[in-house]
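Here is a short report on selected features of the two-chain structure shown below. It takes up strands, helices and a few backbone details in turn.

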Amino acid sequence: MNKKIYERPVLRKVVEGIPNKFGSVKRLQPIETIDNVPIDGIIEKYGSPVFVISEKTMRETYRTAHRAFSTRYPKVQFAWSYKTNYLDAVCRIFHQEGAWAEVVSGFEYEKAIDNGTPGNKIIFNGPDKSDADLIRAINNKSLVHIDHFDELYTIIGLVDKLKERPQVAIRVNMDTGIIPQWDRFGFNYENGEAWNAINRLLSNGKIDLIGLHIHIGTYITMSKAYATAVEKLAALANKTYDRFQTSIGYIDVGGGFASQNTLQGAYMLATDTTPSFDDYAHSITTAMTAVNFPNNETPMLILETGRALIDDAGWLAGTVLANKRLADGRRSMVIDAGVNLMFTAFWYDHEIYPVHESSFQSEPTTIYGPLCMNIDVIRKNIDFPMLNKGDHFVVKRVGAYTMTQWMQFITYRPNIVLIDEKGEVHLVRKAEDKEVFRRQELVPEYLQNK
Amino acid sequence: MSKLNSLAISDNGFIFKPSTGESFTTNELGLLIIHHLKEGKPANEIIDEITTEFEIDKVTAGRDLYEYLDFLKRENMLD
């Protein structure tokens, strides 16, 4: 006799109240494959948890973004933000699509060079550039974006030792209506600091100011803020030309485009509220064409968007470790991926799905990671199907900042695989093992076992 | 068992508790367990019934049964 399929007994209280205007939560549909590759098979071969990157999604997203801007403005250049995800495979895919490199440290600069990026297509941002970093970047004709006066004077001090004339931009911060206003990076526009920096640079006569850079914040959902920024940079460019007859070659509006991950506490889902690339492109390019640059020239528009290009392409697949009841009877589920791998869980409501249909019942559930830390919470109190120990789950949109901000805490960092456009799976970063740590550590002789 | 007998339970798993006015839903196995409890069967017999009827091992069935009994106790439907 065939036995019935087992589904554990559940009892749910019917809570009265006014349904919210979006109606009841629909049942979570399982996600069994990524780019038609079964997730179970990936976990079986590469272990659990495992990060999965879709090359197809990366290229499609890049092309959508590029098309949105290049159909509206004649000179558009994307620069891949290394800090968002600096896996070599990821960087090389964006470089193949035509993106330059945007780096913020000597380490990232070395990666960009190793990935074959020509020096003059590397934008060097960030507050931490050593003398050696600056000398290498300037001699490679890289575009150095100056963050503060100490850096500016360091470059002035180095000029006589350099083979090349420094090609620099200054980073400007300003009020664009965004709260909080990012004012820790660059020179302020409103109080005249940016203009002072330009004066000191160009009075020197040995440095080329070729661009103006702004980065107004992160996860900017108000595309008009960029238009305000462009207007202020254009005013600065005109003032610079009037005084020094120097034309600004490019305007770099930085990154900060929001992805479709919903921020914690947001009333509506990000999939409904995040501006599209076309929205951003419309605001920025309309402002770029509306303002007058010196001599009616059209400076190149550089974009350093990272999050919006890669977030959708990244997935994290893993396994349920346990189900348990909290003291007040609420259900909790422990999974094998925590905030060590998804630092982003501190500010996003990540979308998590079962890989297979295991139950038609769902229950309010808090999802914890495997760390011995109370803060290791992936989702608080979401309606989630009742998965069993050993069942697989997958988290959507984890391509940005997870694989660079992850922590090595009590366990090894897992494999990362790339699914190419033909559906082939490639290992692009090996899981760590004890040898990785043995190589880094030294035990003083008196502590070694004889 | 008298507490369970005071509940109004429909065939599709809707439970109404007249003493408080609260409503609950349960699934097929939940209904079956309540049915066996009303008949006065002890836990080990209910586990046997479940493993005979469903594709499940005794350990898991037992674990889930005791968790379900805890739910019923917490909602004051069982002594």
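Four strands form an open sheet in the order β1(A)-β3(B)-β2(B)-β1(B), with antiparallel pairing. The model is a predicted one. The edge strands are β1 of chain A and β1 (8–9) of chain B, each of which pairs on one side only. Strands of a sheet pair through backbone hydrogen bonds, in either a parallel or an antiparallel sense.

Take the sheet from the chain A edge. Strand β1 (residues 11–14) of chain A pairs with strand β3 (residues 22–26) of chain B over four bridges, in the antiparallel sense. Within this pairing, A:L11 has B:T26 of β3(B) as its bridge partner. A:R12 stands opposite B:T25 in β3(B).

Next comes the pair within chain B. Strand β2 (residues 14–17) of chain B is joined to β3(B) by four bridges, and the two run antiparallel. Here B:F14 stands opposite B:T25. B:T25 thus faces A:R12 and also B:F14. The strands β2(B) and β3(B) form a hairpin with four residues between them. In its turn, B:G21 has a positive phi of about 85°.

At the other edge, β1(B) and β2(B) pair over two bridges, again in the antiparallel sense. The bridge partner of B:I9 in β2(B) is B:I15.

How many residues of each chain are in contact with the other chain? The contact involves 14 residues of chain A and 18 residues of chain B. On the side of chain A that touches chain B, six residues are nonpolar, two polar and six charged.

**Helices**

Start with chain B. Helix α2 (residues 28–38) of chain B has four named buried residues: B:L29, B:G30, B:I33 and B:I34. Seen down the axis of α2(B), its buried residues fall within an arc of 140°, so they line one face of the helix. Just after α2(B), B:G40 takes a positive phi of about 85°.

Now chain A. In α6(A), the residues A:E151, A:L152 and A:I155 are buried. Their arc around the axis is only 105°, which puts them on the same side of α6(A). The other side of α6(A) holds the exposed residues A:D150, A:Y153 and A:G157. What covers the buried residues of α6(A) includes α5 (131–139), β8 (143–146), β9 (167–173) and α7 of chain A.

Two packed helices are described by the angle between their axes and the distance between the axes. Helix α6 (residues 149–158) of chain A packs against helix α7 (residues 193–204) of chain A at an angle of about 0°, with their axes 11 Å apart. Why does α6(A) count as roughly parallel to α7(A)? Angles under 35 degrees count as roughly parallel, and the angle here is about 0°. From α6(A), the contact is made by A:F149, A:L152 and A:I156. From α7(A), it is made by A:A197, A:R200, A:L201 and A:N204. By class, the residues of this contact are five nonpolar, one polar and one charged. A:L152 is buried in α6(A) and takes part in the contact with α7(A).

**Backbone details in chain A**

Most residues other than glycine have a negative phi, and most peptide bonds are trans. Two asparagines with positive phi are set out here.

| Residue | Phi | Place | Other C-beta atoms within 10 Å |
|---|---|---|---|
| A:N36 | about 70° | loop between β2 (33–34) and β3 (37–38) of chain A | 9 |
| A:N381 | near 50° | strand β20 (residues 377–385) of chain A | 13 |

Is A:N36 buried or exposed? With 9 other C-beta atoms within 10 Å, A:N36 is exposed. A:N381, with 13, is partly exposed.

A cis peptide bond joins A:S48 and A:P49, with omega of about 0°. A:P49 lies in the loop between α1 (39–46) and β4 (50–54) of chain A.

One more loop residue is A:S105, found between β6 (100–103) and α4 (106–114) of chain A. A:S105 has 19 other C-beta atoms within 10 Å, and is partly exposed. A residue is buried if that count is 20 or more. Leaving aside residues up to four places away in sequence, A:S105 touches A:G126 and A:D128. The C-alpha atoms of A:S105 and A:Y82 are separated by 9.6 Å, while the two residues are 23 residues apart along the chain.

Key: Residues are numbered from 1 along each chain as its sequence is written. Chains are lettered from A and ligands numbered from 1 in the order in which they are written. This is a predicted model: local features need pLDDT of at least 70, side-chain atom pairs count only at pLDDT 80 or more; totals for chains, interfaces and linings use all residues. A residue is buried if 20 or more other C-beta atoms lie within 10 Å of its own, exposed if 12 or fewer, and partly exposed in between; C-beta atoms are placed from the backbone. The arc is that of the directions from the helix axis to the C-beta atoms. Axes are lines fitted to C-alpha atoms, for helices over the stretch in contact, and angles run from 0 to 180 degrees between N-to-C directions. Two residues are in contact if their C-beta atoms, placed from the backbone, lie within 7 Å. Ala, Val, Leu, Ile, Met, Phe, Trp, Tyr, Cys and Pro count as nonpolar, Asp, Glu, Lys and Arg as charged, and the others, Gly among them, as polar. Two strands pair if DSSP finds at least two bridges between them.
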